[in-house]
Amino acid sequence: MVDEQKTIGIVGARGYVAAELVTLIGEHPALDLRFISSRERHGQPLRKHHDNYTDTLCYQKLDPDAVIHNKVDVVVLALPNGHATPYVEAIERDAANTIILDLSADHRFDKRWYYGLPELTRKQWRGERRISNPGCYATAIQLSIAPLKDLLAAPPVCFGISGYSGAGGTPSDKNDPQKLRDNLMPYTLTGHVHEKEASFQLGLPVEFMPHVAPHFRGLSVTSNLYLSRAIKREAVVARFQQFYETEPLVQVLDETPWVSRVAYQHHADIGGFALSSDQRRVVVVAALDNLLKGAATQAMQNINLVLGMNEYTTMMLQQQP
């Protein structure tokens with residue numbers, strides 16, 4: 001456990017995930033948020049949006065050189081996909097010891113970066129100071145498949161539904177409550193970035209079909225897993241229980257998970273475990289809060305890990321208000 005205070009800054013702080021991360025940092029006993037960058041909110045006090053901060057900390061509009069000038073231990077890049085490179089290049093050039101955590105997909109396929117899905121990759125961390133935070137759907141998909149990966153006979157087929165916060169804050173059909181009312185909207189039915197990410201990280205092809213629903217937060221992934229041999233349901237459940245028995249942020253259920261039960265929670269629920277009559281196909285359901293375990297909670301796990309702190313600092317498993 002690290003006792004000394006560590007400093008952190010966030011670039012691109014207007015989005016939903018950044019807002020969740022700011023809250024977690026504010027509750028962290030050993031992290032000091034030194035700067036927060038947002039073009040849209042430049043000059044506004046952070047306290048206007050987060051009441052556990054003082055009036056002295058304001059949103060700024062920081063270019064890569066200004067970020068380096070602030071000299072913090074950790075820089076979180078909460079930028080849209082494709083925008084991380086100038087900041088990474090500047091830090092690599094002038095502040096190489098700074099830890100970078102990228103919330104976008106820009107480095108999830110770069111093996112020089114640590115891919116931070118702790119429940120599956122914690123033991124693979126080798127002191128890297130460049131961390132790529134997984135995607136929300138990709139997290140649920142991988143957690144659903146990993147315990148049965150050695151028994152797969154065909155590519156997993158995954159059907160996903162998320163709340164519209166997963167589409168971000170930039171206006172579109174996928175986050176328009178009026179267009180989503182009484183609706184279920186399919187999109188990017190082949191080649192979704194999380195399909196590619198899960199396939200790349202698992203080392204096997206994954207088929208994924210995402211949809212967006214009228215609720216705001218939380219996602220569910222239902223995975224069809226075709227097996228190379230018959231297996232009993234109790235053996236499947238035992239595999240998942242053993243695989244995640246030391247993981248407080250993954251809860252294995254006997255019943256099928258509900259999105260409403262993981263909203264505002266830091267953990268993922270995995271359950272269902274329905275078998276076909278020949279016991280060679282199992283259906284697994286995973287649910288998690290896309291803004292927390294699918295993003296900000298996982299980011300905090302990774303920050304704590306790299307800084308040598310307790311991985312679960314600031315995280316509470318009970319329902320939040």
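A residue counts as partly exposed when its relative accessible area falls between the buried range, under 20%, and the exposed range, over 50%. Keep that in mind for the first view of this predicted model.

**View 1. Tyr16 meets Phe216 in an edge-to-face aromatic pair.** The two ring centres are 5.1 Å apart, with 90° between the planes. This pair brings together distant parts of the chain, as its members are 200 residues apart. Tyr16 belongs to helix 1 (residues 16-26), while Phe216 sits in the loop between strand 10 (207-212) and strand 11 (219-226). Are these rings buried or exposed? Tyr16 has a relative accessible area of 33%, so it is partly exposed. Phe216, at 28%, is therefore partly exposed too.

**View 2. Four aromatic residues gather in one cluster.** Look here for Phe240, Phe243, Tyr244 and Phe273. If you enjoy spotting rings, the whole structure holds seven aromatic pairs.

**View 3. Two arginines lie over aromatic faces.** Arg217 is placed over the face of Tyr264, 4.2 Å from the ring centre. Arg261 does likewise with Trp258, at 3.7 Å from the centre of that ring.

**View 4. Seven strands build an open, parallel sheet.** Reading across the sheet, the strand order is 3-2-1-4-5-7-6. Which strands form the edges? They are strand 3 (59-60) and strand 6 (114-115), each of which pairs on one side only. As a general point, strands of a sheet pair through backbone hydrogen bonds, and they can do so in a parallel or an antiparallel way.

**View 5. Strand 1 and strand 2 run side by side in parallel.** Here, six bridges connect residues 6-11 of strand 1 with residues 31-37 of strand 2. Two partners to find are Leu33, the bridge partner of Ile8, and Ile36, the bridge partner of Ile10. Helix 1 joins the picture as well: together with strand 1 and strand 2, this helix makes a right-handed β-α-β unit.

**View 6. Strand 2 also pairs with strand 3.** This parallel pairing has two bridges. Ile36, which we met as the partner of Ile10, stands opposite Tyr59 of strand 3. How many residues of strand 2 are buried? Five of the seven are, so by the cut-off of under 20% relative accessible area this strand is mostly covered.

Technical notes
Residues numbered from 1 in each chain as written. Predicted model: local features only at pLDDT ≥ 70, side-chain atom pairs only at ≥ 80, totals over all residues. Heavy atoms only, no water. Pairing = 2+ DSSP bridges. Helix = DSSP H or I, 4+ residues; strand = E, 2+ residues; numbered from the N terminus. Phe/Tyr/Trp six-rings, centres within 6.5 Å; stacked < 30°, edge-to-face > 60°. Buried < 20%, exposed > 50% of the residue type's maximum accessible area, 1.4 Å probe, protein only. Lys NZ or Arg CZ within 6 Å of the ring centre and 35° of its normal. Right-handed = clockwise from strand over helix to strand, strands pointing away.
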